[in-house]
Structures are given as C-alpha cells and as structure tokens.
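Thank you all for coming; I would like to walk you through a structure that may be new to most of you. Please have the sequence and the model open while I talk.

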Amino acid sequence: MAKRYGNYIGGAWKDAASGRTFDNRNPADTSELIGSFADSGPEDVERAIACAREAYPRWKALPAPKRGEILYRAAEILVKRKEDFSRDMTREMGKVLDETRGDVQEAIDMTYYMAGEGRRQFGQTTPSEMPDKFQMSVRQPIGIAGLITPWNFPMAIPSWKMMPALILGNTVVIKPATDTPLSVVNLIEALEQAGLPKGVVNMVTGSGSSVGSPLMSHKDVGMVSFTGSTEVGRRVSEACAPAFKHCHLEMGGKNIIMVMDDARLDLAVEGALWGGFGTTGQRCTAASRVAVHEKVYKEFLDRFSAGAKGLRVGNGLEPKSQVGPCVNTSQLETVERYVQIGKDEGARLVAGGSRLGKGDHARGYFHEPTVFADCSPKMRVAYEEIFGPVVSVIPVKSLEQAIEVGNSVDYGLSASIYTQDIGKAFTAMREMYTGIFYVNAPTIGAETHLPFGGTKNTGNGHREACVQALEVFSEWKSIYIDFSGKLQRAQID
Ligand code: NAD
C-alpha cells in the first residue's frame with residue numbers, strides 16, 4: 001500500500017479538506033506508485049495562508065542569526081538524508097541518481113548559504129548632508145511569500161526560494177509541482193526536524209488552477225515567486241499586477257552552445273551531449289541548440305550524433321543509465337510532436353527520433369536522444385522550447401552569425417562558447433543578451449553563489465540565488481535619525 005501524504009499546514013500534516021488525493025507515479029515505471037498526495041483546493045490554501053499570517057510576527061521578530069541556526073541544522077539533516085532523498089527524487093521525477101544527488105546537493109548548498117546570510121543582510125550607512133544626523137538602510141521582510149515551483153529541480157528550486165524567504169523573516173506557503181511533491185515533503189521534514197516553528201512554512205499540494213491560482217491572487221500574500229513555463233508565468237504576472245504584488249518569475253529557455261572552428265571538439269561534443277541530454281533535456285538551461293562553424297560542422301556532427309546514439313536510456317536508479325524518462329505522458333507527447341514538426345520542416349534527423357516502448361522501457365515515458373542537423377534558426381525545433389531530449393544543430397559561417405542566431409530567440413537564459421581564442425570568448429560574453437554565460441563548458445552548471453536567471457521571456461528582471469535572492473524576498477527601508485535637537489530641512493537648510 002503506497003503512503004498517503006497530506007498538506008503541511010500550521011506544523012501538522014493534514015488531508016485536503018475535500019479528502020481527495022492524486023497519485024504520484026514513477027515515470028520510469030508507471031506501475032510503481034510513489035504515494036498519494038492531497039488534491040487540495042482554495043479552502044486548503046486559505047488555511048495555509050491563515051497559519052502563515054499567524055506565524056509571521058514571531059518569526060519576523062526572531063533575530064536573523066537565530067533563523068540562520070535553524071537553516072544550518074536543516075542543511076545538516078539534508079546532508080545526512082541525501083541518499084534517501086535523491087532516490088525518492090529519481091523515483092518521482094525520473095532523472096538519473098547522479099543528477100538527483102546534485103539536486104539535493106544544490107538544496108544543501110543553498111540552505112548553508114542562506115544560513116550564513118542570517119549574519120549578513122548588510123545595509124548601508126552613509127553620511128548625511130546635515131550635522132548631527134545619522135542614516136542607514138535595512139532590509140525588512142515582505143510578509144507571506146507564495147512559492148510555485150516546477151518538477152525538473154524538485155528540491156533545488158523550492159530551496160532557492162524558501163531559504164532566502166525564511167532567512168529574511170518571511171513566512172511561506174509553497175505549492176510544489178504535481179509531478180514531484182515528495183521532494184518538497186522531504187525538504188520540509190528537514191526544516192521541521194531542525195526546529196522550524198509551526199506555521200512558518202506551509203505546503204499545499206494540488207493543481208495549478210485549484211491551488212496555484214488562489215495562492216497567487218490572495219490579498220494576504222505579499223509576494224509570489226514562480227518558476228515554470230513562460231505561459232503560466234504571464235498569468236502569475238497578471239494576477240499580481242492589480243495589487244502591485246511583488247512578482248518574481250523564472251521561465252523558459254532556448255539555450256545555445258556556439259562551437260567555433262578553433263574549438264577543442266572533444267570538449268565541445270562532450271559538453272553538448274551533457275548540456276543537451278542531461279536531465280533528458282528537461283532543464284530550463286538545456287543546450288537545445290548548437291551553432292557550429294562550417295569548417296568543423298561535419299566532424300562535430302558525426303561525433304555528436306554518434307555520442308547521442310550511444311547514450312544509455314533507462315531507469316535512473318540503474319547505475320548504467322545515462323538518460324532517464326520524460327517526466328510524464330504530456331511531456332513525452334510534446335517531444336514526439338516536435339520531432340514530427342522537425343521532420344515536416346525539413347530538418348535532417350541524424351540520431352534518435354522515436355519513443356522507446358519495449359522491454360525495460362515498456363512502462364515508462366522514454367524517448368531516444370534526438371539530433372536534428374542542418375537546421376535554420378527559425379525552424380520551430382530550433383526556436384521554441386521543447387523541454388525534452390531534442391537538440392537542433394545549426395551551421396554558421398562566423399562568430400558574428402553565431403551570436404546573431406543565439407540572440408534571435410524570445411528567451412535569454414544561458415549560452416556558451418567553445419573556442420581557444422580569448423578574443424572570441426570575450427566578444428561572445430559581451431554580446432550575448434542572456435543571464436548566464438559559459439566559456440568552454442555547456443549551458444548548464446550554475447552554482448548557488450552567483451545570480452541565476454534570464455532576460456527577455458525568461459524572466460522579469462529579478463535573479464535567484466546569491467545575495468540577489470535577498471532583493472526578491474525583502475524591501476529596503478531607509479532610516480534617518482536626527483540628534484541635532486532642531487528641525488533640519490534636507491535640500492533647504
Ligand atoms: P508549468 O508552468 O506548467 O508549471 C509550473 C508550476 O506552476 C507548477 O507548480 C504548476 O502546477 C503551476 N501552475 C500551472 N498552471 C497554473 C496556474 N494557472 N496558476 C498557478 N499555477 C499554475 O511548468 P513545468 O512544466 O512545471 O516546468 C517546465 C517549465 O519550467 C519550462 O518552461 C522550463 O523552462 C521552466 N523552468 C524555468 C527555470 C528557470 O529558472 N528559468 C527553471 C526550471 C524550469
């Protein structure tokens with residue numbers, strides 16, 4: 001009998017008010033039921049917000065270094081439970097064990113990092129233009145943070161939002177993706193064991209329309225931090241606009257690797273395989289486009305397509321697997337649809353192209369790593385986000401053309417260049433209008449202590465991680481203290 005998981009509201013695990021549940025199944029083997037989770041509605045969101053509201057004054061009043069100590073203990077618990085939590089994540093999301101270990105590690109890194117921010121959160125002190133007057137700026141929390149998260153980084157992304165929100169003194173209501181609620185349950189258990197007071201973090205599971213929507217529109221939620229598709233992000237933005245609610249959006253990507261004629265091709269091929277097919281291509285930073293200089297195009301393509309054909313697709317818990325399944329049937333169908341679109345557009349299929357449905361793959365959402373060659377930049381496979389194991393290779397004549405192709409999409413998350421020429425590397429670094437850039441590495445591999453996010457349709461100007469995350473979850477207050485004993489008028493006296 002699979003375990004039943006409730007919502008976490010006011011420090012207690014509770015069924016949805018309706019009593020309804022939904023099943024969470026292993027995408028590598030859908031006969032395996034991971035658990036049944038609360039299929040919640042607006043009334044559950046209301047209760048969670050009420051608890052977050054009640055807990056807020058005490059949490060806000062707790063000195064930030066003390067809040068940091070709780071986070072530090074939570075990180076220690078995550079370290080101890082890392083292997084269990086990674087295995088749970090592979091079972092519910094599908095990516096291979098090495099990658100889910102990386103996901104949990106990212107949550108550990110972020111939790112330690114933000115624990116440290118409990119003793120920083122630096123503001124400014126500046127001289128006044130007046131005598132006997134002191135001035136400074138301090139951060140203040142916003143109140144209740146509503147967090148809506150996707151399934152591809154089931155623990156890392158919730159931690160990127162939760163930990164900065166908490167260290168600044170906000171309370172939290174989180175809605176995890178319906179495909180990966182267990183990883184958020186595990187993260188919350190670590191916080192609970194670390195001594196997080198009741199009501200400070202609340203979790204409500206369920207669909208976007210019945211949980212995400214009431215959460216983001218609720219008058220008592222001071223800010224919403226969302227990661228997911230650009231389409232849903234636009235709705236979040238619209239829901240937040242009438243009340244001028246703070247809104248932080250991390251959305252889609254169509255990232256490019258540029259391979260120059262002087263590149264080390266062994267490195268470029270290895271990087272493109274990892275960037276394109278790691279996490280089954282289901283990363284917002286996945287290298288779904290590779291622009292290759294015509295002088296090395298054939299050689300790169302031969303080696304890259306051979307590499308893609310050689311990748312072992314299978315259950316992520318099997319040590320030999322290199323690429324796991326798509327997360328669900330709709331994601332698999334999207335991949336199949338785009339493969340057909342690519343063929344219809346005249347892109348040349350040089351590796352993969354089919355669903356895998358026999359033998360070990362019979363009960364999962366597996367698809368072959370797929371490579372389209374000779375793509376033009378405006379073909380839909382080379383232009384739109386697919387979020388699956390499909391890479392489009394585009395021939396280019398120069399660095400300038402590669403940059404033009406790179407910048408031609410609606411997204412601006414990550415880009416990379418393979419070259420031995422420092423001038424080319426610096427030119428591309430300057431000219432690519434993205435939030436992240438790599439040299440001689442693929443488009444994936446961000447670390448928690450640099451800002452994370454993108455331009456154009458990828459984001460709305462905020463950054464996750466690093467100290468930039470503190471900007472998202474706090475407001476500045478500037479404070480002027482006049483001890484002159486008389487009225488002093490700024491700009492006038
Ligand atoms: P999604 O937009 O379908 O869902 C994201 C979250 O929003 C889920 O929790 C979902 O239940 C919720 N949601 C859906 N409809 C909603 C609604 N009407 N109101 C409120 N909430 C709603 O995205 P996904 O399929 O979970 O994730 C894939 C997408 O996420 C891709 O586009 C990917 O690029 C993006 N992503 C971006 C980043 C980044 O940092 N830029 C990171 C990871 C994933």
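**A buried glutamate, two pockets and some ring pairs**

Let me begin with Glu117, which, leaving aside residues up to four places away in sequence, touches Ile167, Val467 and Leu470. I should say at once that this is a predicted model, and that everything I describe is computed from it. Glu117 belongs to helix H3, and because its relative accessible area is 3%, under the 20% limit, Glu117 counts as buried.

From there I turn to the pockets, beginning with the largest, whose volume is about 1100 Å³. Its lining is made up of 43 residues, and those closest to the centre are Trp151, Phe226, Gly228, Ser229 and Val232. Several elements give two or more residues to this lining, namely helices H4 (156–167), H6 (208–217), H7 (230–240) and H10 (329–345), together with strand S11 (221–227). Sorted by class, the lining holds 18 nonpolar, 18 polar and 7 charged residues. Where does the largest pocket lie with respect to domain 1 and domain 2? Domain 1 (3–251 + 459–478) and domain 2 (256–439) both give residues to the lining, so the largest pocket lies between them.

The second largest pocket contains about 390 Å³ of space. It is lined by 20 residues, of which Glu106, Phe153, Arg283, Gly445 and Ala446 are the closest to its centre. The elements that give two or more residues to this lining are helix H3 (97–117) and H4, and the largest share, 7 residues, comes from H3. By class, there are 8 nonpolar, 5 polar and 7 charged residues in the lining of the second largest pocket. The second largest pocket also has residues from both domain 1 and domain 2 in its lining, so it lies between them.

Finally, the aromatic rings: a search of the whole structure gives 8 aromatic pairs. One of them joins Tyr8 and Trp13 in a tilted arrangement, at 4.6 Å centre to centre and with 45° between the planes. Tyr8 is buried, at 4% relative accessibility, whereas Trp13 is partly exposed, at 33%. Another pair, Phe277 and Phe304, is stacked, with 6.1 Å centre to centre and 20° between the planes. That pair links distant parts of the chain, since Phe277 sits in helix H8 (residues 265–277) and Phe304 in helix H9 (residues 297–310), 27 residues apart. Phe277 and Phe304 are both buried. Ring pairs also link Tyr5, Phe22 and Phe37 into a cluster.

How values were computed. Residues numbered from 1 in each chain as written. Predicted model: local features only at pLDDT ≥ 70, side-chain atom pairs only at ≥ 80, totals over all residues. Heavy atoms only, no water. 1 Å grid on protein atoms, 1.4 Å probe; cavity = no way out; pocket = protein on both sides within 12 Å on 5 of 7 lines; lining within 4 Å. Points joined across faces, edges and corners; volume = space filled by probe spheres on them. Helix = DSSP H or I, 4+ residues; strand = E, 2+ residues; numbered from the N terminus. Nonpolar A, V, L, I, M, F, W, Y, C, P; charged D, E, K, R; others polar. Domains from an automatic or database assignment. Buried < 20%, exposed > 50% of the residue type's maximum accessible area, 1.4 Å probe, protein only. Contact = heavy atoms within 4.5 Å. Phe/Tyr/Trp six-rings, centres within 6.5 Å; stacked < 30°, edge-to-face > 60°.
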